[in-house]
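Trainee: Pick the one part of this model that you would look at closely. Take it slowly, then place it in the rest of the chain.

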Amino acid sequence: MNEQRTNIEQLISTSERIGTIGSPSSTSELSLDILGTAVSKKLVGELALFKFSQDSKPHYALGQITEIQLRNIWLEDPTMRSLARQRGQVNPVSGQQDTHLDQMTISAVFSDESNRFEPSILGTVPATGTPIYLATDQILDKLLERYRDEIFYLGHVYGSTPKLPLWFKHFGTGPHGAGEAYHIGIFGKTGSGKSVLAKMILLAYARYPEMAIFVIDPQGEFSKDINEQIPMEGFPLDLRNILNRLNKNVVSISVRNLVLDRWDLFEHILAQSEFFERLAIHTMDKEKISC
Ligand SMILES: Nc1ncnc2c1ncn2[C@@H]1O[C@H](COP(=O)(O)OP(=O)(O)OP(=O)(O)O)[C@@H](O)[C@H]1O
Ligand SMILES: [Mg+2]
C-alpha cells in the first residue's frame with residue numbers, strides 16, 4: 001500500500017462514522033442508513049465522504065447531507081396508528097423501531113492514482129453497507145493537496161465546520177486559467193452579506209496578475225474601503241492593503257472627475273438620454289440632426 005493511501009485511510013479512520021449506504025440509491029442521490037450513535041446529531045448540511053472501488057481503483061466521494069427522513073413502518077400500519085392515537089405511544093414500537101434515512105448529494109469524486117488524487121465521477125453506485133464518514137479539514141486538504149495554491153476559501157460549508165474549498169480561475173488560458181470569462185450573480189435580502197461576499201470574490205480574482213478588476217460603485221462602498229474608511233463592525237476587509245500586497249495598482253475615480261473631452265461624446269450621450277423625447281422629437285433621424 002502506498003504512503004498516500006495509508007495517509008488518507010488513517011485520516012478517515014479517525015473521522016466519525018455516521019452510517020452506511022442504503023437503498024434506494026442512485027449516482028445522483030444516495031440514501032444513507034444512519035447509525036444509532038449518530039441519530040441525535042445534526043446531520044443536515046454536513047459534508048460526508050465514503051470510499052468505493054471503481055475500475056479496480058480506490059475512489060473517494062464527497063457530498064452533502066441534504067435531508068433526513070424518519071420511518072417507522074410498524075406505525076404506518078392502520079391498526080398501530082389507531083393504537084398510537086388512543087394511547088399516545090405504542091410500546092415497544094414507538095421510538096424503538098424508528099429508522100433514519102438520509103439523502104446525500106455527491107459533489108466531488110477523486111480517484112486514487114497511486115501518487116496523486118485525480119478528479120473523477122461517480123460512475124457506479126457503491127454497495128449497500130459502504131461506511132460513510134464525516135469529512136474534516138484534514139481529509140479535504142489531503143484530497144486537494146495538489147491544488148493547494150489554486151484553492152480559495154470564502155467560508156465554511158453551510159451548516160458545518162470544514163472550510164469549503166472553491167476554485168476561482170482567471171479568465172485567461174494556461175495554468176490556473178478557465179479559458180473563458182464567468183458571470184456570477186450574488187442574490188440575497190438586505191444585509192445578508194452580498195457586498196462582503198462580492199469583495200471576497202474580488203480578492204480571489206485579484207490574486208492573478210492576469211486579471212484586471214473594474215468596479216462600478218454606485219453606493220461608494222468599494223471606494224470607501226479603498227480610501228481606508230473601513231467600517232469596523234461586521235466583517236471588515238482592508239481591501240487597499242490586501243490588493244497592494246497582491247501587487248495591484250488601485251485607482252479610484254469619482255464621477256466628478258470623469259470629464260467629456262470631445263463634442264461627439266456629448267452628442268452620443270445626448271442621443272442616449274431622454275432629452276429629445278421630452279421635447280417631443282421622437283424619430284431617430286430627427287434626434288440625430290438635433291444632436
Ligand atoms: N461573513 C460574515 N461574517 C460576519 N459579518 C458579516 C459577514 N458578511 C457580512 N457581514 C456583515 O453584515 C453586514 C451586512 O453585510 P453586507 O453589507 O455585505 O450586506 P448586503 O447584502 O450587501 O446588504 P445591502 O443589501 O444593504 O447592500 C455588514 O456589517 C457586514 O460587515
Ligand atoms: Mg450591499
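Mentor: Go to ligand 1. Its surroundings are Lys189, Thr190, Gly191, Ser192, Gly193, Lys194, Ser195, Val196, Glu233, Gly234 and Phe235. Keep in mind that this is a predicted model. Sort that shell by class and you get 6 polar, 3 charged and 2 nonpolar residues.

Now the atom pairs. Ser195 uses its side chain: a polar atom there lies 2.7 Å from an oxygen atom of ligand 1. Phe235 uses its backbone, with an N or O atom 2.7 Å from a ligand oxygen. Ser192 also offers a backbone N or O atom, at 3.3 Å from an oxygen of ligand 1. How much of the ligand does the protein cover? On its own, ligand 1 has 630 Å² of accessible area, and the protein covers 61% of that.

Next, the annotation. An unreviewed UniProt entry places "domain: Helicase HerA central" at residues 183–265. In the model, this span is 35% helix and 0% strand. Its end C-alpha atoms lie 29 Å apart.

One residue to inspect on a helix is Asn244. It belongs to α6, which runs over residues 239–245. Buried or exposed? Asn244 has 37% relative accessibility, between the 20% and 50% cut-offs, so it counts as partly exposed. Its C-alpha atom is 10.0 Å from that of Ala206, while 38 residues separate the two along the chain.

Now step back to the whole chain. The protein has 9 helices and 9 strands. Its radius of gyration is 28 Å, and the globule rule gives 19 Å for 291 residues, so the protein is more spread out than a compact globule. Along the principal axes, the C-alpha atoms fill a box of roughly 90 × 60 × 45 Å. Of the 291 residues, 32% count as buried.

One pair gives a feel for the distances. Gly129 and Ser273 are 68 Å apart, C-alpha to C-alpha, with a sequence separation of 144 residues. Gly129 sits in the loop between β6 (117–120) and β7 (131–134). With 42% relative accessibility, Gly129 counts as partly exposed.

Then look at α2 and what flanks it. Asn72 lies in the loop between β4 (57–71) and α2 (78–87). Its relative accessibility is 6%, under the 20% cut-off, so Asn72 counts as buried. The side chain of Asn72 makes a polar contact of 2.8 Å with that of Asp98. At the start of α2, a side-chain oxygen of Asp77 comes within 3.1 Å of the backbone nitrogen of Thr79. Of the 10 residues of α2, 1 is buried, so the helix lies largely in the open. After α2 comes Gly88, with a positive phi near 85°.

Some backbone geometry is worth checking before you set anything up. Which peptide bonds are cis? One joins Asn91 to Pro92, with omega near 0°. Pro92 is in the loop between α2 and β5 (99–112). Another cis peptide bond links Ser23 and Pro24, where omega is about -5°. Pro24 belongs to the loop between β1 (17–21) and β2 (29–34).

Positive phi also turns up outside glycine. Asp55 has a phi of about 50°. It is found in the loop between β3 (47–54) and β4. Its relative accessible area is 67%, over the 50% cut-off, so Asp55 is exposed. Ala280 has a positive phi too, of about 65°. Its loop connects α8 (275–278) and α9 (284–290). Ala280 counts as exposed, at 56% relative accessibility.

Back to the site to finish. Keep three contacts on screen: the side chain of Ser195 at 2.7 Å, the backbone of Phe235 at 2.7 Å and the backbone of Ser192 at 3.3 Å.

Note on methods:
Residues are numbered from 1 along each chain as its sequence is written. Chains are lettered from A and ligands numbered from 1 in the order in which they are written. This is a predicted model: local features need pLDDT of at least 70, side-chain atom pairs count only at pLDDT 80 or more; totals for chains, interfaces and linings use all residues. Side-chain values use heavy atoms; hydrogens and water are left out. UniProt positions are given in the numbering used here, feature names are shortened, and annotations may be inferred rather than shown by experiment. Helices (H or I, at least four residues) and strands (E, at least two) are DSSP runs, numbered from the N terminus. A residue is near a molecule or strand if one of its heavy atoms lies within 4 Å of it. A polar contact is a pair of N or O atoms within 3.5 Å; within protein, one must be able to donate a hydrogen and the other to accept it, and residues adjacent in sequence count only if both atoms are side-chain atoms. Accessible areas come from the Shrake-Rupley method with a 1.4 Å probe; for residues, only the protein chains shown count as cover. Ala, Val, Leu, Ile, Met, Phe, Trp, Tyr, Cys and Pro count as nonpolar, Asp, Glu, Lys and Arg as charged, and the others, Gly among them, as polar. The radius of gyration is taken over C-alpha atoms; the globule rule is 2.2 Å times the number of residues to the power 0.38. Buried means under 20% relative accessible area, exposed over 50%, partly exposed in between (1.4 Å probe, protein chains only).
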